[in-house]
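User: Please guide me through this structure by means of questions and answers.

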Amino acid sequence: MKKPLIIGGIVSVVIAVIVASALNFDSADTVMDNTDPDSFISPLSFSNLITSDTPLKGDPSAPITLIEFGDFQCPNCGRFARNTSPQIEASYVESGQVSIAFKHFPVVGPDSKPAAMASQCANEQGMFWEFHDELYNNQGNENSGWVNKDNLKQIALNIGLDKQSFDSCLDSNKYESLVENDLSLAKQIKFTGTPSFLVLKSDGSKPVALTGAYPYATFQKIFDDSLN
Amino acid sequence: MVLSSFKLVFHNKFYIFLASIIFTLFWITFNVLGELLFFTPVFVFYLPSDAIFVFVLSNVISALMGIVLSMNVYVLKNTKTKMNKSSFVGTTVGMTAGGCASCSTVGFVLLTSFGAAGVAASTFLSVYQIPLLISSIGLLLWSYYSIHNKLTKNCVLRETS
């Protein structure tokens, strides 16, 4: 008679662990304590996060900056780019309240880094966001070769980038160290997946970190709280 | 009729309650892992067009899990037969394929801890997510059929010539 109770107990514990893990996964948003002098993101280091090589959309002096740490091969990054980002742009970026920056977190597979480097080569010609949108709107399966170097060069050509300088930039791995630095930064922040986000006020206070393809409603709440 | 065992088990309200709890827990888990349901900083559920098919499949799996696991509990309490293994396999396959493997925390652990093998595993889970979910539904349906046989054919005597 005890056997059903034992198995029932085991099943309950397994389900509880699964649900607890899922809830823990969801609670990946935190307000970070940047009063700690060892914090990676003190007001002093804020300006270091957005450099001249960081692709930025919107008013650079906007009161809030949303920094996405993404991978061009990640389906959920694609979901954010296609569904959530346009709503943020229409409501907050166009009005000058928020600017969006992109940093690289290439973890999905071997082609992720070349894709990241290629986007920086497009940025060099002032077409990062066009290249970004082209990749996410035509995203293939992970590690299927859709962002190998040959395809990246073809995509660049399709959107009107200068072929010679783009190919030269990509073949020379010019932005390898920049991509590596972004990756190190994401790991330093202890992000555990893509896409991840930092929501920063211009004074660097109370940054909010998020991991996951959160919908527009979440960003709306965070932005409105910060703006008010 | 395969529904006779369903009626036999869910005639008791306790099993309806148990199935509802299991369905709810798995529904929440699938949708949190699939990044459709968020509890913080605001409670929000959203269903982008690219996620509709996986959402429908995960709902079917959650419902089947509620039914099959509750029927397994009924079998354990009322007969001397063992729990059905295919329901465990179906549950595991469904859970594994449930979230976007490479983007979720689970996928990230695979990628960062197991190098090339992790990339291969994560890619497989992500690319074959829909076939795996459909396989899981198949296993759970097979499990249901097995339980149905246990509940309805235990006492049938075979005729010998």
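The exchange below treats burial, one helix and one contact between chains.

Analyst: This is a predicted model, in which local features need pLDDT (the predictor's confidence in each residue, from 0 to 100) of at least 70, side-chain atom pairs count only at pLDDT 80 or more, and totals for chains, interfaces and linings use all residues. Residues are numbered from 1 along each chain as its sequence is written, chains are lettered from A and ligands numbered from 1 in the order in which they are written, and side-chain values use heavy atoms, with hydrogens and water left out.

User: Is His132(A) buried or exposed?

Analyst: His132(A) lies in helix α5 (residues 128–137) of chain A; helices are DSSP runs of H or I with at least four residues, and strands are runs of E with at least two, numbered from the N terminus. Buried means under 20% relative accessible area, exposed over 50%, and partly exposed in between (1.4 Å probe, protein chains only). Because its relative accessible area is 4%, His132(A) is buried.

User: Where do the buried residues of α9(A) lie around the helix axis?

Analyst: The buried residues are Tyr216(A), Thr218(A), Phe219(A), Ile222(A) and Phe223(A). Seen down the axis, they fall within an arc of 160 degrees (taken from the directions from the helix axis to the C-beta atoms), so they line one face of the helix.

User: Which residue of chain B forms a salt bridge with Arg79(A)?

Analyst: A salt bridge is a side-chain nitrogen of Lys or Arg within 4 Å of a carboxyl oxygen of Asp or Glu. Arg79(A), in helix α3 of chain A, has its partner in the loop between β2 and α3 (52–78) of chain B. With an N to O distance of 3.4 Å, that partner is Asp50(B).
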